[in-house]
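Q: Please take a close look at the interface in this model and at the charged and buried residues that help to describe it. A connected account in formal terms would be appreciated.

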Amino acid sequence: MDFSLNEDQALLKDSLERFIQGSYDFDTRRANVASELGYSRETYAQFAELGWTAVPFSEADGGLDGGPIELMVMMEQFGRGLVIEPYFASIVLAGAALRHAGDDDAKARWLAGLIDGSLTGALALQEPQSRFDLANVRTRAERSDEGWRLTGHKAVVLNARDADVILVPARTRGRDRDRDGITLFALAAGTPGMTTRAYPTVDGMQAAEVILEDVQLPADAVLGHEDGALAVLEAVTREALLAVCAEAVGIMAVLVEKTVDYSKNRKQFGLPIGAFQALQHRMVEMFMEHEQTRSLLYMAAMKLAAGAPDVDRALSALKYQVGRSGRRIGQEAVQLHGGMGVTHELDVAHYFKRLTMIDLAYGNADHHLSRFAA
Amino acid sequence: MDLNFSDADLAFREEVREFLRNEYPADIREKMDRGIRLARDDFMRWQQTLHARGWAAPNWPVEHGGTGWSATQKYIFTTELALANTPTIMPFGLSMVGPVIYTYGNEEQKARFLPDILASRAWWCQGYSEPGAGSDLASLKTRAERDGDHYVINGTKTWTTLGQFADWIFLLARTSTDVSRKQEGISFILADMRTPGISLRPIITIDGEHEVNEVHFENVRVPVENLVGEEGRGWTYGKVLLQHERAGIAAVARSKYRLDTLKRLAAEAPPGGTPLMDDPVFRRKVAAVEIELLALEYTDLRTLAAVATGGAPGPESSILKIKGTEVQQAIDELYVEAAGCYAFAFTPELFASPDIPDATRIGPPWAADTAPHYFNGRKVSIYGGTNEIQKNIIAKAVLGL
Ligand SMILES: Cc1cc2nc3c(=O)[nH]c(=O)nc-3n(C[C@H](O)[C@H](O)[C@H](O)COP(=O)(O)OP(=O)(O)OC[C@H]3O[C@@H](n4cnc5c(N)ncnc54)[C@H](O)[C@@H]3O)c2cc1C
C-alpha cells in the first residue's frame, strides 16, 4: 500500500502548484471570466507549454502517458485555482473521447492540435431530457447519400462556442433509451446546420446549446464503432467523474483553509469569531468532511488506475461524498463569513458556486447513492 | 383547540382574494410570475395599491393608519398575498422605522414622516451594520457629534439593502463614548439621503446583482430634530424594531407557494424525459421539506394564537427565524435540483425585462434563475441576526443557559 506520488507525479503537482499560486491569482481570473472569450487564451497556451494538455495521452499519440493519478493531481490544483480555461472540456472530455474511441483518422486530425493547445474541443454529453442517463439520446443520425444527416438538441455543452471540434453522440439505431445504437460523430466548428447558443455558466465557465438541423456529414465523421459509442461515453464519464471530484477536493481544501483563517482574524464581541465553540465545531466538521472525501478520492483514483472491477462503485461512493460534503462545506464557508460570504467580491463565494455545481454534473449525490445501493 | 376559520374570517378571505383579483397590477403580477426583476417603482406601486385600500400597514395602531385586524385576519392577509405571488413588502419603512417613530418619535416627527411611510411615497433604508459591527452591532463606530442645531455624522454603514433607491436612511450612531456599556451612547437618527457628504458604493452580491451598498458619511450635517426619542437610547429603540421585524419572518405562506409551484414544475419533463417528481428519491426529499414547513406553519400559528389571546409570544417564536430560513434555503436547493443541467446557465439579462420573451431563455423558462437564487438565498441565514446569533439568544433567553 502506498499513498505517495512517484517522482514524475510529484513534479507535475509541483509545476501546477507553482503556477496556480504564482500566476493564477483571483483578480486575474476574475478579469478573464469577464472578458469577451470568458477565459484567457494566453493562459491556456501556457498550460500546453507546460505539457499539461499532453498528460493523459499515450506517447504514441504524442502525449505523456499519464493516467488517473496524474489527472487527479492536476484537477485538484485546478480546483484550488478555480481554473476556468477549457482544460476539462477539451482534454478530459473531448480528448478522452478521441482516445477511447480509438479512431486513428480522427486522432490524426484532431489530437495534435488538442495536445499543443492550438485547438480545443467539446463533448456533447447531455440533452434537455436526459438528466444523468448517458443512453438517453434523442439526437438522430440517419444515413444519407453523402454519409449521415443529424438532427437534435444538445444541452449545456461546455466550451461549445469556441471549440474547433464538437463530439456529438447520436442515435443511429433503436429507441430513445437503448444502450445500443449510439454513435459518436466529430463535427468541425462551422459545420452547416449546426448552431450554438452560447452563455456563461453560474460557475464562471462557458457553455452552449447546440442545435443540429439536418447536418450533413461525410461517412468518415463517425468516431470509433457505429452503434457502439456508449462504452466510450462511459469510459469518458469515469475519468470526468474522477476529474470533477478531484477539482472539488481542491476547492474543499481551499474553503476549509480560508474559513479557518477568516475566523482567526474576524473579530466580534472582542474575540476572533474562531474562539466561539459553536463555530469551532462547525469548522471541525468541515475539516473532517474534506478529509473523508479526499480518502475516497484516492481510493477511486487508484481503482481507476488499476482497472479494478468495482471502479464504478468506487466512483459512485466518491461522487456521493463530494455532493454531500461539498454542500456542507460550501454552505458553512459562506455562513461563517457572514455578509462577506454572499458577495461577488469575495473569492469564497465563487468557490462555493463551483462546488455546488459539481454536484449537478455527471450524476448528483442521490443518483450515485442509488447506483451504489443497486 | 380548533383549526377552522369563522364565517367572518372566511368572508374576509374572500374580500382579500377579490381585492387581489381586481387590484394587483397586471404588469407587476406578470413580472413576478415570470421571475423578472422588479424595479423601484414596481415595489412602490404595489405598496401604494395596498395603501389605497387602507391595507398597507396591518400591524400599525389604527390611529396611525393600521387596519385593526385580528391576528387571524393578519394571517389570512399575509397568506393570500403570498399565494397570489405578490412582491415582498419592503420592510424598512413600514415594518422598521415606522413603528419606531410612532412609538418613540415626537408629534412633529409623526406628522412629518408617518404619512409618507404609510403611503409608500418615501423609500427608507436601514443603516445599522458596519464593516466592524455585524453580529456585534453594539460595537458600532459611526459618530454623530453635536454642533449647534446639527449632528455631524462620520462613519461607514454597510450591507445597506437597496440604499440606491432610498430617500431616507435611519441609522444608529454613537453620540457619546463616555459610557460604561457599549450599548449606551447610541442614538437613532433619520437622515435625508440627499444630504451632502453621504455617498454610496455598490456591493455586488454573489448572484451578480446590485442589492446592497456601503454608505459613507463624511461630515454629514443632520438637524437635531431628526433624532428619534432621547439621545443615547437608540439601542433600546433598535431592539424594539427587531421585534417588529420578527412578525412574518417565518415566511410560511411564501414558502408554501414556492413549494407548490416547484411540485408543479417538477411534474413536467421535456419530450423523452421522466418528470423528476416521478423519482421516489426526489419525492421523499420534497416531502421532507414539506413536513418541516408544516411544522413551521403550526409553530407560527401557535405564536399568533398566543399574541391574539393577549399573551406574549412564547419561546416558540424564537424558532421562527431559524426554521423559516432553513426551509426557504431547502426549497431553493430543490429548485436547483429540479432545473438539472439548466441550473448552470447564467443569463440574468434574459430576466431583466418583460419585453424579452420567455422563449429566449435557456431551458425551461424558470430554470436558469434557480442557481443564482439559491446562492443569493444564503443571505437569509445571515441577515436580520445570523442563525448562530438566534441560537445564542434561544440558549440564553429561552433555555436559561
Ligand atoms: C444581503 C444582505 C442584506 C443586508 N441588509 C442590511 C441592511 O439593510 N441594513 C443593515 O444594517 N444590515 C444589513 N445586513 C447586515 C447583516 O445584518 C449582517 O451581515 C449580520 O448581522 C452579520 O454580520 P456580519 O456580516 O458582520 O458577520 P459576522 O458578525 O462577522 O459573523 C461571521 C460569522 O460568525 C458568526 N458569529 C458571530 N458572533 C458569534 C457568536 N457570538 N457565536 C457564534 N457565532 C457567531 C456569525 O453567525 C457568522 O456565521 C445585510 C446583510 C446581507 C448579507
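A: Two residues are said to be in contact when heavy atoms of theirs lie within 4.5 Å. The model under discussion is a predicted one. On that footing, 48 residues of chain A are in contact with 49 residues of chain B. The area buried between chain A and chain B is about 3,900 Å², and carbon and sulfur atoms give 58% of that area. A:Arg131, A:Gln335 and A:Val342 supply 15% of the area that chain A buries against chain B, which is more than any other three residues.

The polar side of the interface comes next. The count between chain A and chain B is 26 residue pairs in polar contact, with both residues at pLDDT 80 or more. Several elements of chain A each supply at least two residues of the side that touches chain B, including strand S3 (147-158), strand S6 (194-200), helix H8 (277-306) and helix H9 (311-336). Helix H10 (347-360) and helix H11 (365-373) of chain A also belong to that set. The largest share of this side of chain A, seven residues, comes from H10(A). By residue class, the side of chain A that touches chain B divides into 16 nonpolar, 17 polar and 15 charged residues.

Side chains of opposite charge can pair when their charged atoms come close. Across the interface of chain A and chain B, four salt bridges are found, while the count over all chains comes to 57. One bridge is formed by A:Arg282 with B:Glu388, whose closest N and O atoms are 2.8 Å apart. The side chains of A:Glu345 and B:Arg201 also meet in a salt bridge, at 3.6 Å from N to O. A:Glu345 lies in the loop between H9 and H10 of chain A, and B:Arg201 lies in strand S6 (residues 198-204) of chain B, so this pair joins two chains. A:Glu345 is partly exposed, at 41% relative accessibility, and B:Arg201 is also partly exposed, at 33%.

Helix H10 of chain A, which gives seven residues to the side touching chain B, also holds A:Asp359. A:Asp359 is buried yet has no salt bridge. Its nearest side chain of opposite charge, that of A:Lys319, is 4.5 Å away. A salt bridge requires a side-chain nitrogen of Lys or Arg within 4 Å of a carboxyl oxygen of Asp or Glu, so the pair of A:Asp359 and A:Lys319 is not counted as one. Leaving aside neighbours within four places in sequence, A:Asp359 is in contact with A:Lys319, A:Gly323, A:Asn364 and A:Ala365.

Helix H9 of chain A, another contributor to the side that touches chain B, contains A:Gln321. A:Gln321 is buried, with a relative accessible area of 10%. Residues up to four places away in sequence being set aside, A:Gln321 touches A:Glu289, A:Gln292, A:Thr293, A:Leu296 and A:Gly326.

Salt bridges within chain B offer a comparison with the pairs that cross the interface. B:Glu30 and B:Arg34 meet through their side chains in a salt bridge of 2.5 Å, N to O. B:Glu30 is partly exposed at 36% relative accessibility, whereas B:Arg34 counts as buried at 17%. B:Glu184 forms a salt bridge with B:Arg181, with 3.9 Å between the closest N and O atoms. B:Glu184 has a relative accessible area of 29% and is partly exposed; B:Arg181, at 45%, is likewise partly exposed. In addition, B:Asp27, B:Lys31, B:Asp41, B:Asp42 and B:Arg45 are linked in a network of salt bridges.

Backbone geometry adds a further detail. Most residues other than glycine have a negative phi. A:Asp65, although not a glycine, has a positive phi of about 65°. A:Asp65 sits in the loop between helix H3 (41-49) and helix H4 (68-81) of chain A, and is partly exposed at 47% relative accessibility. B:Asn85, again not a glycine, has a positive phi of about 55°. The place of B:Asn85 is the loop between helix H4 (71-83) and helix H5 (91-104) of chain B, where B:Asn85 is buried at 9% relative accessibility.

Note on methods
Residues are numbered from 1 along each chain as its sequence is written. Chains are lettered from A and ligands numbered from 1 in the order in which they are written. This is a predicted model: local features need pLDDT of at least 70, side-chain atom pairs count only at pLDDT 80 or more; totals for chains, interfaces and linings use all residues. Side-chain values use heavy atoms; hydrogens and water are left out. Buried area is the accessible area (1.4 Å probe) that two parts lose on being put together, summed over both. A polar contact is a pair of N or O atoms within 3.5 Å; within protein, one must be able to donate a hydrogen and the other to accept it, and residues adjacent in sequence count only if both atoms are side-chain atoms. Helices (H or I, at least four residues) and strands (E, at least two) are DSSP runs, numbered from the N terminus. Ala, Val, Leu, Ile, Met, Phe, Trp, Tyr, Cys and Pro count as nonpolar, Asp, Glu, Lys and Arg as charged, and the others, Gly among them, as polar. Buried means under 20% relative accessible area, exposed over 50%, partly exposed in between (1.4 Å probe, protein chains only). Lys and Arg count as positive and Asp and Glu as negative; His and the chain ends are not counted.
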